[in-house]
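Here are some short exercises to work through with the coordinates open beside you. Try each task before reading its solution.

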Amino acid sequence: MAQTDMDSGDEGGGGGEPEVIVQASVLGGFTESTEVQALISSLPEVHQKMVTRESAIQRFLVIMNRYQEQPHLLDPHLEWMLNLLLEVIRSEQSPPLLVHLGFKFLYIISKVRGYKVFMQLFPHEVADVQPVLDLLCRQDPKDSATWETRYMLLLWLSMTCLIPFDLSRLDGHLTSDPSQAREPIMDRILAVAKSYLMVTDKSRDAASVLVSKFVTRPDVKLRRLADFLDWSLSSISQADDQTMEGTVILDGALQSLAQLFKHGKRDDFLQYAPVVLQCLERRGLAESSQATLRKLGVKLIQRLGLTFLKPRLAKWRYQRGSRSLVANLSLSQPGSAVDAVTPDQETQGHEEDYDIPEEVENVIEQLLGGLKDKETIVRWSAAKGIGRVTGRLPKELADEVVGSVLDCFSFHETDNAWHGGCLALAELGRRGLLVPSRLPEVVPLILKALVYDEKRGACSVGSNVRDAACYVCWAFARAYEPTALKPFVTQIACALVITAVFDRNINCRRAASAAFQENVGRQGTFPHGIEIVVAADYFAVGNLTNCYLAIRVIRELATKALHKLTAQAPDYMTTTVLPQLLPVAIGIDLQGRHGALLACAEIGHALYILASENNRGFGGELMRPAMCALIEKMSLSKLPSKDDPVITGWQWLIDDTLKSLHLFSAGPRDNIKVNTHLYAWLADGETDCLELLVSQYIAGLKSPEVLTRCGSALALGSLPRFMISGKLDRVNHQPRTVVHRHSRREVIFSEARRDAAKAMAQVCVTAGVSAQGSTDSVVCEGNVSMIYRALLDCLSDYTLDSRGDVGAWVREAAMTSLMEVTLLVVDTAPQLLSPDLVNGMMCSLAQQSAEKIDRYRAHAGSVFLRLLHKDHPPVPHIPHKEELLTIFPPEGAGTLNWKAPSQAFPHITQLLRMPQYQYHTLLGLTVSVGGLTESTVRFSSQSLFDHLMLIQRDPDAMGHFSETLLRVFRDNLRNDRVSIPFLKMLDQMLARACFDTFTTEQDHPFCVNLLALCTNEIKKSKDVQKLRSCIAVFCGLIQFQGNVRVKVLFQLLLLLCHPFPAIRKVTAGQMYEMLLTFDDVIDPSVMEDVMNLLSDTDWAGDIATVRTHRNQLCDWLGVPKPQLVAKVVV
């Protein structure tokens, strides 16, 4: 249904409707007229600067877009807006940029109001023809920035073509050069129209409008109609729809022909219609891969069909009589009755007989084929064509068309045919062409369409069919009088209510609600109509949970509705519903088995309160989570007895499912866990069995299968307290072992380490905290440091594989676990947290909060703030807590968006001022500043450089920062995850002269150490990215004074003879730019020779030749020549 989705903001039923209606009707007029007038008047002043120009355009767009749904409010103001803009456009003082800006504003208005209404306001006198045509001819059709100008000029020209004078009278007023041959205006306009029918922008649409207005003029159609049709048909025949150019040509030609046959007189075009139809048949547009071309083909064919048939309204069509809303609604009141309105007796009259051309059969056949097209736009156009053409046929032939449409509703047909058939029936009913005698055949098909759902692979199709079926019901409500639909009221009403509250697609639910409401208002015969409309209105059914629980879900939510209904009708559930569910639970339909098992689980739990029943079944990805839910509910219901052998089967299913987690997507996988309700029920007398289970899950953590490890970790984390009491050391020791990467093979077990990190926190929370307790039962002084060290070790997991940074899963789980354990310890025994543990945790979180991946940065930031702002009691020993609270005040925690680099990095870089956080924060910033994401790099680097600018004049702060920087590089040498971004970040720092205070000192230690580290980093490296980054750093280091400069030049000259030609070329280019920037590096007397040699040499050429040039540079620069080292043959 063509209704706009609107969020009522109300989770309940229909209570939100009045508010929504108020919001939708808030616009009572064009309230921004004064602002728009000022905005248009300011165009001559703002058009020159891009910022002010774009600001004006954006503001005008915002204003106009408010009236998209109520464009008629603009009507009283369109004329003065048009006149103001035309005044700017026509002014001789207006530069081209201002003229284009004026036309852009005109286009925005026409887009909102619609070009058909807006174009009528353009001045269209004789004096306007020549200026508009000349201005259009001066435009560049290939200029993509000014297409709005050409679009509006074509619409304006199409209006000027309506002048009631022969265009040949204007030829005497041509202003072209007398020395050149003058072209008649008629030919100029036609040439312009043809040229714009072949452009790629929206001007093509306006050109088709121009053709429809211009070629249908009396003087033009006599001289140029046949020629234009020949040109169009020739273009259609020769264009190749497999190329972009051919598609554009076909689009323009088909659009223009469709507009011509729509607006032209039938007598003028009837003689050409057969030729055009034959051309379309030969072209075979129905087989085209372009949906737009197929749609235009259908549109043109329906116009040809209307041309073949005489324009008349069929006298046999059904005409509804009274349309009084009050009268209709009164039918729903007890004791009220309204006399049925009979159709006009004229419909019974004698029809005029006339011959139907043979081509009409071909037209109808192609339109019926269009109803089965794979694209909605084609089917919709075909449906409208069926309705229009049928309205001009005799009753017998029209009835045959209706029968052909009904053939679309076969289960041998695809969902496309069903959808097209529904659209066609709606069009026929709306036009009165579906007579009441056909309703007994039509209504059952529509009822089937309302529940149409066809499985295709892992998904299903049919939502568009159900939506269109609702449209049919909506159209029938408006088309037929109550007496005609009375026999079918109960069936239609029930089907619409079921669709409105049970369909899984929100559009279908809303469409059914709208159709039901229309029937209540138009027919007045729907039982309990007003009550149902109030409870299940258009907005209430938009909320899935509200729809399935309050009024009533697909599968999971529907089973909860059954749980609630069981208490109302337990006997019915036991004797009727459950027997129907049992066959479905063991059937072949996977979706049905899943839903049936969940339903049995919920009903069984509800019957436990009232009676007892159970059921079981088995399946794959959907069935295992459903079975786990069934086991949980049966355990809550204490069904069956402990001695029942089915319990062994349940435990086998749980264990097998834990080993098969790869079968499940993320959502169901998270819901699969050991059934604590089952173990709580079996606790008495089954201790040996439970002991065996714990040992089994601990052993599973050593499995060579990663998914078995995952399942075992999740199982241990879900165990109830009575099962881990006295075994905490064993239970917690193995997850701690899993999170450590002891061998290269275990590096691949990222998922297992993630789940082990989660399990450690879950076990700790389950066991509880006691400062002086036993390490075998609770978290205490003896094991708290081991737990924290294991989780902090997870924060250094940066494992990479083909899926990317899979270590991030482990880091995210570890951050969550650290938070959960810390909050638990703080609330119970805060003295267990030593300063070293808290310092390590907060520094690691600060590092994660400064890294490049938005999701994990946001998670780390939220955990950091949660611990920082924890109060009553607070987390002890947080370093620099008072300064941190100044940077991150509690009242601003909710507004800080950690995912936005523009907000996160200005805050996190302030931690660089604090010695204890500086190293970890800088380490995190390194991978962000040297990363690839543009926004992250921009805001992180800007925040870092702002900090460096603040400490430039503080030698101690700069010294401490430089030492930390070298430490980060030294600790991560040959670690490409850090070293390559570090080199990129260092290049930016050197380019921005961040170390200017060091450049005045001869051989400053920072530069000497940095050069040594860079040299070591690229030694024997074959990583092109690393080498390029290091070259840029070497060139930046040249700004330092002393002997270090010679060492830098030596490294660069070494790289000029690198085995990789690309590296040699990059080095030469970078050196050239370096010498231009720092002209004090070499002797001015050899400067020109050095620059010429760097720029003219082919550094990608033969290595021997390159080495000769390199050695010449060594002589000029006063640098020792690198010596070849002979390889030692062992």
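## Exercise 1: Backbone oddities in loops

His877 lies in the loop between α44 and α45. Keep in mind that this is a predicted model. Your task: find what the phi of His877 is near, and how exposed His877 is.

Solution. Start with the backbone: phi of His877 is near 65°, a positive value in a residue that is not glycine. For background, most residues other than glycine have a negative phi, and most peptide bonds are trans. Next, look at the surface: His877 has 43% relative accessibility and counts as partly exposed.

Now stay in that loop. Pro873 is also placed between α44 (854–868) and α45 (881–887). A cis peptide bond joins His872 and Pro873, with omega about -5°.

Finally, go to the loop between α51 (996–999) and α52 (1005–1018), where Asp1003 is found. Asp1003 has a positive phi of about 45°, although it is not a glycine. With a relative accessible area of 31%, Asp1003 is partly exposed.

## Exercise 2: The two sides of a helix

Your task: decide which residues of α5 are buried, which are exposed, and what covers the buried ones.

Solution. First, check the geometry. Helix α5 (residues 75–90) has 16 residues and reaches 23 Å from its first C-alpha to its last, close to the expected 22 Å.

Second, list the buried residues of α5: His77, Leu78, Met81, Leu82, Leu85, Leu86, Val88 and Ile89. They cover an arc of only 165° around the axis, so they sit on the same side of α5. The spacing behind such patterns is general: an α-helix has 3.6 residues a turn, so residues three or four places apart point the same way.

Third, turn to the other side of α5, where Pro76, Glu79 and Glu87 are exposed.

Fourth, ask what lies over the buried residues of α5: the cover includes α2 (33–41), α3 (43–46), α4 (50–65), α6 (96–113), α7 (115–118) and α9.

## Exercise 3: From one residue to the core

Your task: place Met159 in its helix, then find its contacts beyond four places in sequence.

Solution. Met159 belongs to helix α9 (residues 147–160). Met159 is buried, with a relative accessible area of 6%. Leaving aside neighbours within four places in sequence, Met159 is in contact with Met119, Gln120 and His124. The C-alpha atoms of Met159 and Met119 are separated by 7.0 Å, though these residues are 40 apart along the chain.

Now widen the view. The largest nonpolar core has 169 residues, and those with the most contacts inside it are Met64, Phe105, Leu106, Phe214 and Leu496. Residues touched by Phe105, not counting those up to four places away in sequence, include Leu39, Phe60 and Leu85. A second, separate core of 127 residues includes Val779, Val821, Leu923 and Leu1117.

## Exercise 4: Cysteine pairs

Your task: how many disulfides are there, taking a pair of cysteine sulfur atoms within 2.5 Å as the rule?

Solution. The count comes to zero disulfides by this rule. Take Cys508, which is in no disulfide: the nearest cysteine sulfur, that of Cys470, is 6.2 Å away. Cys508 is buried, with a relative accessible area of 1%. Then take Cys1057: its sulfur is 8.2 Å from the closest cysteine sulfur, in Cys1114, which is too far for a bond. Cys1057 is buried as well, with a relative accessible area of 13%.

Methods
Residues are numbered from 1 along each chain as its sequence is written. This is a predicted model: local features need pLDDT of at least 70, side-chain atom pairs count only at pLDDT 80 or more; totals for chains, interfaces and linings use all residues. Side-chain values use heavy atoms; hydrogens and water are left out. Helices (H or I, at least four residues) and strands (E, at least two) are DSSP runs, numbered from the N terminus. Buried means under 20% relative accessible area, exposed over 50%, partly exposed in between (1.4 Å probe, protein chains only). Contact means heavy atoms within 4.5 Å. The expected span of a helix is 1.5 Å times one less than its number of residues. The arc is that of the directions from the helix axis to the C-beta atoms. A nonpolar core is a set of buried Ala, Val, Leu, Ile, Met, Phe, Trp, Tyr and Cys residues joined through side-chain atoms within 4.5 Å. A disulfide is a pair of cysteine sulfur atoms within 2.5 Å.
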